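Work through the exercises below with the structure in view. Try each task before you read its solution.

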Amino acid sequence: MSTTSTERKPSARARVREIPLAQISRNERQPREEFDPAKLKELADSIAEFGLQQPIVVRETGKNAFEIVMGERRWRAAQMVEGMEKITAIVRSYDGDDDKSTEERVFLAAVAENVNRADMTLMEEARAYHRIHTEFEYPVERIAKIYGKSVMHVQLRIDFMKLCPEAVDALDKDLIGKDFAWYLAQLQPGNQRVALARYIRGEFTDQQQARAFCEGLKNAEDLGPGFFEIEPVTEEERQEKQAAKRKAAAEVDQAERAVLALTVLGLKSPEELADLFAGEVGAQLDKLERVRKELQAVVRLMKKAKGISEARTYAVREEVQA
């Protein structure tokens, strides 16, 4: 039975050695790019006090030359320890008898070490999955299985690769969350910048409104140039539209009056309501539950409508920007 790169048993050629720190170099294409200096200092202090608790893993790249596969954080911290010149390392061969390249094996192993670390950024994870998906041609489903993630989790990260540089920077700085970032990633770069700017300025009351605005921009993109054009209408069509608008507004007013009536009802105590609706409390509650569900559905719908309406003002026509 075959196994994945991250599940392979150590090669028979693997061996433990004490290697001078100066003979070891980082893998320039490894998934981790950022290392918290404060946490590195904490690890360095721990190594100085208790020693290295876990060897790093390297591969030999030449005479007295090694490249890190796993453990760059430990290697960096070791260099901060005064008087520490060597580090314990497992030297492992990543040659195999299947069609995987050495570089592919090394990268898969490096991702396996880092993918579940809390300090691995969303974009580092996104770039790692994207490389495996595009360069090594792994289906999303296989990547998810290798690293114990859901398919949705992996696809979400890969989608982040469509973010414009400003959105990537905002995500890295925790100015936006991953959910809003995904909605941004569905948009063309110009509209990403529009939505991001409004979000950073605090122009949305909640996350749902922010998502609705992004959906409105996406709607504008999908409908194409016609979305921005005001089509001429006849007088009859204009009057019909005005009549429909008045009718819809009256329905909203009617709902508002119903809410006021419920507000008065809500001033009563549970005991009073039990007496008023003796034997019928359940039936009345069912009615209110239906009202609540319908109201929630209409509110969601109206937020999306608001996003579409605002998109007519804010949306960027990419073909004009080109």
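The exercises go from the whole chain to single residues, and the model they use is a predicted one.

**Exercise 1. The whole chain**

Task: Find what radius of gyration the chain has, and set it against that of a compact globule of 322 residues.

Solution:
- Step 1. Start with the rule: a compact globule of 322 residues would have a radius of gyration near 20 Å.
- Step 2. Now take the chain, which has 29 Å.
- Step 3. Add the outer dimensions. Along the principal axes, the C-alpha atoms fill a box of roughly 85 × 60 × 45 Å.
- Step 4. Add the surface. About 20000 Å² of the chain is accessible, and 53% of that belongs to carbon and sulfur atoms.
- Step 5. Look inside. Buried residues account for 34% of the 322 residues.

**Exercise 2. Elements, contacts and charges**

Task: State how many helices and strands the chain has. Then say how far apart the mean positions of its positive and negative charges are.

Solution:
- Step 1. Count the elements: 14 helices and 5 strands.
- Step 2. Consider contacts between residues at least 6 apart in sequence. Of these, 71% join residues at least 24 apart.
- Step 3. Turn to charge. There are 51 positive and 57 negative charges.
- Step 4. Their mean positions are 2 Å apart.

**Exercise 3. The nonpolar cores**

Task: Identify which residues of the largest nonpolar core touch the most other members.

Solution:
- Step 1. The largest nonpolar core has 29 residues.
- Step 2. Phe 160, Leu 163, Ile 176, Phe 180 and Leu 184 touch the most other members.
- Step 3. Find the elements behind it. Two or more residues each come from helix 4 (122-134), helix 7 (165-172), helix 8 (178-185), helix 9 (189-200) and helix 10 (207-223).
- Step 4. Helix 10 gives the largest share, 5 residues.
- Step 5. Zoom in on Ile 176. Beyond four places in sequence, Ile 176 touches Ala 167, Ala 170, Leu 171, Ala 181, Leu 184, Leu 196, Tyr 199 and Ile 200.
- Step 6. Another core, of 16 residues, lies apart from this one; Val 111, Ile 146, Val 154 and Ile 158 are among its members.

**Exercise 4. Two residues in helices**

Task: Decide whether Gln 209 is buried or exposed. Then list what Leu 122 touches beyond four places in sequence.

Solution:
- Step 1. Gln 209 lies in helix 10.
- Step 2. Its relative accessibility is 13%, so Gln 209 counts as buried, the cut-off being under 20%.
- Step 3. Beyond four places in sequence, Gln 209 is in contact with Glu 203, Phe 204 and Lys 306.
- Step 4. Move to Leu 122, in helix 4. With a relative accessible area of 24%, Leu 122 is partly exposed.
- Step 5. Leu 122 touches Arg 157, Phe 160, Leu 171 and Lys 178, sequence neighbours up to four places away left out.
- Step 6. Check a distance. Leu 122 and Arg 17 are 105 residues apart along the chain, and their C-alpha atoms are separated by 34 Å.

**Exercise 5. Positive phi in loops**

Task: Locate Glu 137 and Asp 174, and say whether each is buried or exposed.

Solution:
- Step 1. Glu 137 sits in the loop between helix 4 and helix 5 (140-147). Its phi is near 60°, a positive value in a residue other than glycine.
- Step 2. Glu 137 has 66% relative accessibility, so it counts as exposed.
- Step 3. Asp 174 sits in the loop between helix 7 and helix 8. Phi of Asp 174 is near 60°, again in a residue other than glycine.
- Step 4. At 67% relative accessibility, Asp 174 counts as exposed.

**Exercise 6. The strands**

Task: Say which residues Val 57 is in contact with, leaving aside neighbours within four places in sequence.

Solution:
- Step 1. Val 57 lies in strand 3 (residues 56-62). At 8% relative accessibility, Val 57 counts as buried.
- Step 2. Its contacts are Glu 67, Ile 68, Val 69, Met 70, Ile 90, Arg 92 and Tyr 94.
- Step 3. Follow one of them. Glu 67 is found in strand 4 (residues 65-70) and counts as buried at 15% relative accessibility.
- Step 4. Finish with Val 91, in strand 5 (residues 86-91). Val 91 counts as buried, at 2% relative accessibility.

How values were computed
Residues numbered from 1 in each chain as written. Predicted model: local features only at pLDDT ≥ 70, side-chain atom pairs only at ≥ 80, totals over all residues. Heavy atoms only, no water. Helix = DSSP H or I, 4+ residues; strand = E, 2+ residues; numbered from the N terminus. Rg over C-alpha atoms; globule rule 2.2 N^0.38 Å. Buried < 20%, exposed > 50% of the residue type's maximum accessible area, 1.4 Å probe, protein only. Contact = heavy atoms within 4.5 Å. Areas by Shrake-Rupley, 256 points an atom, 1.4 Å probe, with all protein chains shown as cover. Lys, Arg positive; Asp, Glu negative; His and termini not counted. Charge placed at Lys NZ, Arg CZ, Asp CG, Glu CD. Core = buried A, V, L, I, M, F, W, Y, C linked by side-chain atoms within 4.5 Å.
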